[in-house]
Amino acid sequence: MFIVTVTPLDNGIFKDELSYFSKVSIETGALVLVPIRGREIISLVISVKPANTVKASLKKSDFSLKKISDIVHPGIFNPYILQSAKEASEYFGVNLGMTLKFMTPKIIIESLTSKKWPLPKNTPHKDAIGSAAVRPDYLALQDSTTERIGFYRSIIRESLARGQSVFVLVPTALTAEKLQPHLGKGIENHTKVLHSKIKDQTIITEWKAALESDQPTLYIATALFLSVPKSNLGLIIVENDSSDDYEPVSRPFIDPRRLAEFIAKIGHLKLLIGDTILRPDTIYRIENKEIIAAAPLQYRINNNIERQIIDMRQPPAEGEKESFNIFSPQVESLIREAEIK
């Protein structure tokens, strides 16, 4: 008999740890089904103890432990992801289960009980949890979009050539779609774009591929996919560092940028933070040598940019009726071009 402590992967359960009993030993990190308030909830095993070691406390308790319903998967999360989620949950003051759910697509958790999932075949990250005392490089890049993308392309290809995967964290699905043709050009077969608007089956397919394959891959994705189980991950890029879309507006109040830092620290991964204008606290950390500037910070707009003065009072073309428009046709055309870019 074993006493198993779990954390539910459900936003509606506000208890961080619950205890159950099991007749068989279960490894920490496994996913199990447990009964909670009349429902079967997928939960993460965080500790397992033989019942005889806690026999006295069990006799004194005024409640009886329930039995674990089923073992769902022996371990779908990488060890350094679990440790990162634990540190992030303590930092943000939220449950561990809520943190894991924040960084894992809902369809992945739901499909664990209905689909057969493979075991991880790739080798665990060589620098995972506690193996290296020296912190990896934390870099920052403040430059124009064109210069930034050029730098990203170079460092991404260098990582892929070394057999390391790269995760580019973006604030929105739109940003991911816009970056894909620039960063994935020439390496389309190694590039995956992941966000909440893609089909559930595609998400499941890519998650299984990450578990089974050690092929170096470029992921351009939102925070929902930070727990992707790719064990050869070597670099995380946080794009649009100053974007307000990273700011949490509802529970759990987790900042994906800081969560990415926890993953980089625990997994011993390189981290690159980039934007046209970085956040003030990122710049402060650069000045205090916490983060290294990948290149001198650029604060001035490029003087070579062409400037135009457009008359917004252009009369209607011959044969057209006069109508009120806020923008002239030329300005509307420029706005549409900017949206495409």
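Which side chains meet in a salt bridge at 3.1 Å, N to O? The tour begins with the answer, in a model that is predicted.

**Stop 1: a salt bridge across the chain**

Please select Asp241 and Arg279, whose side chains form this salt bridge. The pair connects distant parts of the chain, its members being 38 residues apart. Asp241 is found in the loop between strand S10 (233-239) and H8, whereas Arg279 is found in the loop between strand S11 (270-275) and helix H9 (280-287). Are these two residues buried or exposed? Asp241 and Arg279 are both buried. A search of the whole structure gives 13 salt bridges, and the pair Asp241 and Arg279 is one that you now have on the screen.

**Stop 2: the cavity**

Keep Asp241 and Arg279 selected, and add Val238, Arg257, Arg258, Glu261 and Ile273; together these residues line the largest cavity. The structure contains one cavity of 30 Å³ or more, and the volume of the largest cavity is about 30 Å³. Which helix gives the most to this lining? Colour helix H8 (residues 256-267), which contributes three residues. Sorted by class, the lining holds five charged residues, two nonpolar residues and no polar ones.

**Stop 3: a network around Glu261**

From the lining of the cavity, now keep Glu261 and Arg258. These two residues form a salt bridge in which the closest N and O atoms are 3.7 Å apart. Both belong to helix H8 and stand three residues apart, which is about one turn of the helix. Their exposure may be considered in turn. Glu261 has a relative accessible area of 9%, so this residue is classed as buried. Arg258, at 27% relative accessibility, counts as partly exposed, because the partly exposed class lies between the limits of 20% and 50%.

Next, add Arg285 to the selection. The side chain of Glu261 also meets that of Arg285 in a salt bridge, at 2.7 Å from N to O. This pair joins distant parts of the chain, with Glu261 in helix H8 and Arg285 in helix H9, 24 residues apart. Glu261 and Arg285 are both buried. Finally, add Glu290: through salt bridges that share partners, Arg258, Glu261, Arg285 and Glu290 are joined into one network.

**Stop 4: the loop between S10 and H8**

Return to the loop that holds Asp241, and select Asn240, which lies in the loop between S10 and H8 as well. Although Asn240 is not a glycine, its phi is positive, at about 55 degrees. Asn240 has 18% relative accessibility and therefore counts as buried.

Move along this loop to Pro252, which is also placed between S10 and H8. What kind of peptide bond joins Arg251 and Pro252? The bond is cis, with an omega of about -5 degrees.

**Stop 5: the largest pocket**

Select Phe102, Ala223, Leu224, Asp245 and Pro256. Of the 26 residues that line the largest pocket, these five lie nearest its centre. The pocket has a volume of about 540 Å³. Helix H3 (residues 96-102) supplies the largest share of the lining, namely three residues. By class, the lining is made up of 13 nonpolar, seven polar and six charged residues.

**Stop 6: two further loops**

Select Arg37, in the loop between strand S3 (31-36) and strand S4 (39-50). Arg37 has a positive phi of about 50 degrees, although the residue is not a glycine. Is Arg37 buried or exposed? With 68% relative accessibility, Arg37 counts as exposed.

Then select Gln215, located in the loop between helix H7 (200-212) and strand S9 (218-221). Its relative accessible area is 34%, so Gln215 is partly exposed. Add Ser165 and display the C-alpha atoms of the two residues: Gln215 and Ser165 are separated by 50 residues in sequence and by 7.9 Å in space.

**Stop 7: a nonpolar patch on the surface**

For the last stop, show the surface and select Met312, Phe324, Ile326, Phe327 and Ile335. These residues make a nonpolar surface patch of about 550 Å². Where does Ile326 lie? Ile326 is in the loop between strand S12 (292-293) and helix H10 (329-340). The relative accessibility of Ile326 is 63%, and therefore this residue counts as exposed.

Terms used:
Residues are numbered from 1 along each chain as its sequence is written. This is a predicted model: local features need pLDDT of at least 70, side-chain atom pairs count only at pLDDT 80 or more; totals for chains, interfaces and linings use all residues. Side-chain values use heavy atoms; hydrogens and water are left out. Patches are made of residues with over 30% relative accessible area and no salt bridge: like charges are joined within 9 Å, nonpolar side chains (Val, Leu, Ile, Met, Phe, Trp, Tyr) within 5 Å. Accessible areas come from the Shrake-Rupley method with a 1.4 Å probe; for residues, only the protein chains shown count as cover. A salt bridge is a side-chain nitrogen of Lys or Arg within 4 Å of a carboxyl oxygen of Asp or Glu. Helices (H or I, at least four residues) and strands (E, at least two) are DSSP runs, numbered from the N terminus. Buried means under 20% relative accessible area, exposed over 50%, partly exposed in between (1.4 Å probe, protein chains only). On a 1 Å grid over the protein atoms alone, a cavity is a set of points where a 1.4 Å probe fits but cannot get out, and a pocket is an open set with protein on both sides within 12 Å along at least five of seven lines; lining residues have an atom within 4 Å of a point. Grid points are joined across faces, edges and corners, and a volume is the space filled by probe spheres set on the points. Ala, Val, Leu, Ile, Met, Phe, Trp, Tyr, Cys and Pro count as nonpolar, Asp, Glu, Lys and Arg as charged, and the others, Gly among them, as polar.
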